[in-house]
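I am opening a notebook page on this structure. I will look up some side-chain pairs and note where they sit.

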Amino acid sequence: MIEITESAQAHFRRLLEKESMPDIGVRLAAVNAGTPKADVSLVFAGPGDLDGQEWAIDCHGFTLWVDGASATALDGARIDYLTQGMGGQLQIRAPKIKGEVPGEGASVIERVRHVMTHEINPMLASHRGSATLESVDADGVVYLRFGGGCHGCGMADVTLKQGIEKTLKERVPEVTAVRDATDHDTGAAPYMPRTGH
């Protein structure tokens, strides 16, 4: 499930010896798993810091505790310690932490949702905006609801046609069109206010 190299184990043993606290281990968890902002949290943890849902990996001289809810996202992770010059650097690679691209057998909704999460919403976030998938009909028409800076934005139509629809059609060939299901007149803080309203 998770590989922790001997150099990483030796690094943790050195740090734990400096702390000279009995029963302290290392706790690994995924933060924002399945999103572009996914990251790992690696902290020292004693028995009182554990919630009982962790997986225990016995290492030489300590235990690596893996957060139970993070186990799927951290499957296949590798923790290594690379020596560089006078110091070193801890390196954690978790190939599944941002989520896996849905395979060919995945539904259109799963594939659209993945593109929305990993490509479109990070782009919209630069304008304080977001879009959520409302539905996909039998003809391949995707309905989205805009939020944040996109809700009421005068450029939402352009973003929809030139950015979102183009991207979704390229990534998910079954998509035939993208429609806006948002009532833009109720937008409270649009990125670019609509003219004439």
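Leaving aside neighbours within four places in sequence, which residues is T63 in contact with? I looked this up in the model, which is a predicted one. I find T63 in contact with G25, V26, A56, I57 and D58. I place T63 in strand β5, residues 62-66. I note T63 as buried, because its relative accessible area is 18% and the cut-off for buried is under 20%.

Aromatic pairs. I searched the whole structure and have 1 aromatic pair to enter. The pair is F12 with F62, edge-to-face, at 5.7 Å centre to centre and with 70 degrees between the planes. I then checked where the two rings belong: F12 is in helix α1 (residues 6-19) and F62 is in strand β5, so the pair ties together parts that are 50 residues apart in sequence. I have both F12 and F62 down as buried.

Salt bridges. My count for the structure is 11 salt bridges. I looked at some of them one by one.

I began with R27 and D67, whose side chains form a salt bridge at 2.9 Å, N to O. R27 sits in strand β2 (residues 25-31) and D67 in the loop between β5 and α2 (71-74), so this pair ties together parts that are 40 residues apart in sequence. Are R27 and D67 buried or exposed? I enter R27 as buried at 16% relative accessibility, and D67 as buried with a relative accessible area of 12%.

I went on to E119 and R171, which form a salt bridge with the closest N and O atoms 2.9 Å apart. E119 belongs to helix α3 (residues 108-125) and R171 to helix α4 (residues 156-171), so the pair ties together parts that are 52 residues apart in sequence. I have E119 as partly exposed at 32% relative accessibility, and R171 as partly exposed at 42%.

I also looked within helix α4. K161 and E165 both lie there, 4 residues apart, which is about one turn of the helix. They form a salt bridge, and I note 3.2 Å between the closest N and O atoms. K161 is partly exposed at 40% relative accessibility, whereas E165 is buried at 10%.

Which residues are linked with R78 in a network of salt bridges? I find E3 and D80 linked with R78 in that network.

Terms used
Residues numbered from 1 in each chain as written. Predicted model: local features only at pLDDT ≥ 70, side-chain atom pairs only at ≥ 80, totals over all residues. Heavy atoms only, no water. Helix = DSSP H or I, 4+ residues; strand = E, 2+ residues; numbered from the N terminus. Buried < 20%, exposed > 50% of the residue type's maximum accessible area, 1.4 Å probe, protein only. Contact = heavy atoms within 4.5 Å. Phe/Tyr/Trp six-rings, centres within 6.5 Å; stacked < 30°, edge-to-face > 60°. Salt bridge = Lys/Arg side-chain N within 4 Å of Asp/Glu carboxyl O.
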